[in-house]
Amino acid sequence: SSAVQANIEEPVQEQASMVFISHAGEQKGIIASSLHTLLTQAAGISTFLDEKSLVTGTRNAAAMELQLCNAHVVVLLLTKDYVCKKWPMRELGIALERSSMPQVKVIPVLIDISIEELGELSSKVYSVQSWTGRNKPTDSELQQWAELGKKVTKIVSIRRDQVLPTCWAGDLVQVVMETCVAALQEMQKLPPDYTLRDARRLPMFVSRPDSILVGRAYELDSMISDLKQHQRLLVTGGPGEGKTALARSVAVQLYNDGCFRGGAFEVDMTAIEGDIREAVAGRLVPLLQQVLGNSIAADEPPNWKTLERWLHINDKPWVLLLDNTEMLIQQYKGPNEAQLALESLVDGLAGASHGALHLIIVSRTANLSLPQTAVCQLEPLPEGDATALLRSQCPKVPLSDAQ
């Protein structure tokens, strides 16, 4: 439109983001939001994503077009759903118009679809017979979208060197982030001395360690070795001694080293009720659905049967971190019952995983033990390390007070 063209020719720089992520609603789970997190937090680059950048419950067309018309990098997360949606196609049209500008890079990302499938789907989607219901577009919209469908397959074909194919979500997000950074550096939009603050490949569903590891180098190395050897690791110790931070660090480091190609996941065992397998599946399956939409459909119920089916077909090593496991004692009315519940869960996961599962159990008590499980009993930090940890978190505290 003329309004859009005016914005393209005279971009407004106020509060503009460097990167714009264009996606279909189904991608709001892991890929789009995780890319936004990596770009903003790890790379320190201003990035626009509607669910993160707009007020909840709104979709302000003017605000989105303003950001799109000012972004230097536009990431197109292309799926089978993308070309069927009105909003993404509108964003695509603007992106394609701007793609000829010297200070704009369009990065197509193919997710569970090939270039050939994208072209074939475009031709089907933009036929009149494909549209039914109240949202059926007008003939002029069909004409416009048909042209966009041809353009997107053309731009994807031309930029084969920039096209990012389907892979596990963690790897895909990392590669897209690095591609965005490289594009901005090529256009000299980043400072000459710019470096990624954190270029590690972070697991999608294991939180960053929320404290600095001080005085735990030996335990970290030992836990990594034990998990590799035994595939089961129990981390115990008193409150505040760094159990969860250490467990997350183990998962993150091994993931970064390429040991867990099937993914890294964390489940909080607080408030687990009823059948433990069904309860854990209810928390784990939604995460898997966001990462592995081609293996677990979004409409499949989050239950043990769905989880078990994925475990059977997954042949890549993966890690599951069970945090606050001591809460099972309270929830199952005693240590014996909690022990039986935990054994039932682990036996079910291990039996269906064909040796792919690596398990980290975090608990304040060592009473919940499992056979063939390495145990790491954390002791309080020595006074010097404890003081250093406190001062790293509270640098304004005088040394004498910290001691």
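Five salt bridges are in this structure, and three of them make good stops on a tour. Keep in mind as you click around that this is a predicted model.

**Stop 1: K105 and E186**

Select K105 and E186 and show their side chains. They meet in a salt bridge, with 3.5 Å from N to O. Now colour by secondary structure: K105 belongs to strand β4 (residues 105-110) and E186 to helix α8 (residues 169-186), so this pair ties together parts that lie 81 residues apart in sequence. Is E186 buried or exposed? Turn on the surface and look: E186 is exposed, at a relative accessible area of 58%.

Stay with K105 and bring up what surrounds this residue. Setting aside neighbours within four places in sequence, K105 is in contact with H72, V73, V74, A183, E186 and M187. The link from K105 to E186 also counts as a polar contact between side chains, at 3.5 Å.

**Stop 2: E266 and R248**

Next, pick E266 and R248. Their side chains form a salt bridge as well, at 2.8 Å from N to O. Here a strand is tied to a helix: E266 sits in β6 (residues 263-268) and R248 in α10 (residues 243-256), so the pair joins parts 18 residues apart in sequence. You may want to hide the surface for this one, as both E266 and R248 are buried.

**Stop 3: E326 and R364**

Move on to E326 and R364, another salt bridge, with an N to O distance of 4.0 Å. Which parts of the chain does this pair link? Both ends are in loops: E326 is between β7 (318-323) and α13 (327-331), while R364 is between β8 (357-363) and β9 (374-377), and the two residues are 38 apart. E326 is buried, with a relative accessible area of 15%.

**Stop 4: strand β7 and its partners**

Step back from that loop and select β7 itself. Six of its six residues are buried, so the strand is largely enclosed by the rest of the structure. Rotate to see both faces: W318, L320 and L322 are on one side, V319, L321 and D323 on the other, and all are buried.

Now add the strands that pair with β7. On to β6 first: six bridges join β6 to β7, and the two run parallel. To find your place along this pairing, look for A264, which stands opposite V319 in β7. Then show β8, which is joined to β7 by five bridges, again running parallel. A handy landmark there is L322, opposite I361 in β8.

**Stop 5: helix α5**

Select residues 86-98 for helix α5. This 13-residue helix reaches 19 Å from first C-alpha to last, close to the 18 Å expected at 1.5 Å a residue. Which residues of α5 are buried? Colour P88, M89, E91, L92, G93, I94, A95, L96 and R98, and you have them.

**Last stop: the whole chain**

Zoom out and show everything. You should be able to pick out 16 helices and nine strands. How much of the chain is buried? Buried residues account for 49% of the 403 in the chain. Put the surface back on: the accessible surface comes to about 19,200 Å², and 50% of that belongs to carbon and sulfur atoms. If you draw contacts between residues at least 6 apart in sequence, 77% of them join residues at least 24 apart.

How values were computed
Residues numbered from 1 in each chain as written. Predicted model: local features only at pLDDT ≥ 70, side-chain atom pairs only at ≥ 80, totals over all residues. Heavy atoms only, no water. Helix = DSSP H or I, 4+ residues; strand = E, 2+ residues; numbered from the N terminus. Buried < 20%, exposed > 50% of the residue type's maximum accessible area, 1.4 Å probe, protein only. Contact = heavy atoms within 4.5 Å. Areas by Shrake-Rupley, 256 points an atom, 1.4 Å probe, with all protein chains shown as cover. Expected span 1.5 Å × (residues − 1). Polar contact = N/O pair within 3.5 Å; in protein donor to acceptor, adjacent residues only side chain to side chain. Pairing = 2+ DSSP bridges.
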